[in-house]
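Subject: The structure we talked about

Hi there,

Here is the structure I promised to pass on to you. Please open it next to this email, so that you can look up each residue as you read.

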Amino acid sequence: MKKILFICLGNICRSPLAEGIAQHIAQQKDLDLEIDSAGTSNWHEGENPCGHSIKVAGQNGIDISKQRSRPVTKQDITYFDCVVAMDEQNKSDLENFGFTYVYKLGDFGGYQGSDVPDPYFFPGFEGFEKVFEMVKNCVSDFLEQECK
Ligand code: 4NP
């Protein structure tokens, strides 16, 4: 079983969506994967995902409401096979923390290495719909390419 960890800054907006979408696809396609997400910060430790992320996931048939934010740990370095960052800052923070190889989600799905924009800083729901679409396309391509 391959183990995949998705990472963003707060683990309340972007990486919870990536976790939920990856779990959904793995279930649909019967892929043998363990999937989790975490934050490079502990700012929201123990909190559920932000309301807009829960809402946009729910509109797409994915329940992420029971997830809880947690910070990344040293044990994650050896436990997970693949670590996937949402943006360049996450990637460099993870490399400085000790991860040897960090994927960037925007390198998949035809986004030419773009950062997944942080919707936390954009008020309103529309940003979350765009982020959902991007994360869905990237995660789907990532699983196709790396986890068959
Ligand atoms: P995330 O979004 O990294 O996608 O979970 C953020 C959530 C919270 C903060 C920043 C980004 N914050 O500054 O508290």
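Below is what I found, beginning with the ligand and ending with a lysine. Please keep in mind that this is a predicted model.

**The ligand and its surroundings**

Twelve names are worth marking in your viewer: the residues around the ligand are Cys8, Leu9, Gly10, Asn11, Ile12, Cys13, Arg14, Trp43, His44, Asp118, Tyr120 and Phe121. Sorted by class, this shell holds 7 nonpolar, 3 polar and 2 charged residues.

Next, look at the oxygen atoms of the ligand. One ligand oxygen is 2.8 Å from an N or O atom in the side chain of arginine 14. For aspartate 118, there is a distance of 3.0 Å between a side-chain N or O atom and an oxygen of the ligand. Leucine 9 takes part through its backbone: a polar atom there is 2.9 Å from a ligand oxygen. On its own, the ligand has 350 Å² of accessible area, and the protein covers 92% of it.

**The cysteines**

How many disulfides does the count come to? It comes to 0. Cysteine 8 shows why: its closest cysteine sulfur, in cysteine 13, is 6.9 Å away, too far for a bond, since a disulfide needs the two sulfur atoms within 2.5 Å. The sulfur of cysteine 147 has its closest cysteine sulfur in cysteine 82, and at 5.1 Å this pair is too far apart for a bond as well. Cysteine 8 counts as buried because its relative accessibility is 2%, and cysteine 147 counts as buried because its value is 6%.

**The nonpolar core**

In soluble globular proteins, nonpolar side chains tend to be buried together. Here, the largest nonpolar core has 36 residues, and the ones that touch the most other members are Ile4, Phe6, Leu105, Val135, Val139, Phe142 and Leu143. At least two core residues come from each of β1 (2–8), α1 (14–29), β2 (33–39), α2 (51–59), β3 (82–85) and α5 (126–146). Which of the elements gives the most to this core? That is α5, with 9 residues.

**A lysine to look at**

Finally, find lysine 91 in helix α4, which spans residues 88–97. Is lysine 91 buried or exposed? Lysine 91 counts as buried, because its relative accessibility is 18% and the cut-off for buried is under 20%. A polar atom of the lysine 91 side chain lies 2.9 Å from the backbone oxygen of valine 102.

Enjoy exploring, and write back with any questions!

Best wishes

How values were computed: Residues are numbered from 1 along each chain as its sequence is written. This is a predicted model: local features need pLDDT of at least 70, side-chain atom pairs count only at pLDDT 80 or more; totals for chains, interfaces and linings use all residues. Side-chain values use heavy atoms; hydrogens and water are left out. Buried means under 20% relative accessible area, exposed over 50%, partly exposed in between (1.4 Å probe, protein chains only). A residue is near a molecule or strand if one of its heavy atoms lies within 4 Å of it. A polar contact is a pair of N or O atoms within 3.5 Å; within protein, one must be able to donate a hydrogen and the other to accept it, and residues adjacent in sequence count only if both atoms are side-chain atoms. Accessible areas come from the Shrake-Rupley method with a 1.4 Å probe; for residues, only the protein chains shown count as cover. Ala, Val, Leu, Ile, Met, Phe, Trp, Tyr, Cys and Pro count as nonpolar, Asp, Glu, Lys and Arg as charged, and the others, Gly among them, as polar. A nonpolar core is a set of buried Ala, Val, Leu, Ile, Met, Phe, Trp, Tyr and Cys residues joined through side-chain atoms within 4.5 Å. Helices (H or I, at least four residues) and strands (E, at least two) are DSSP runs, numbered from the N terminus.
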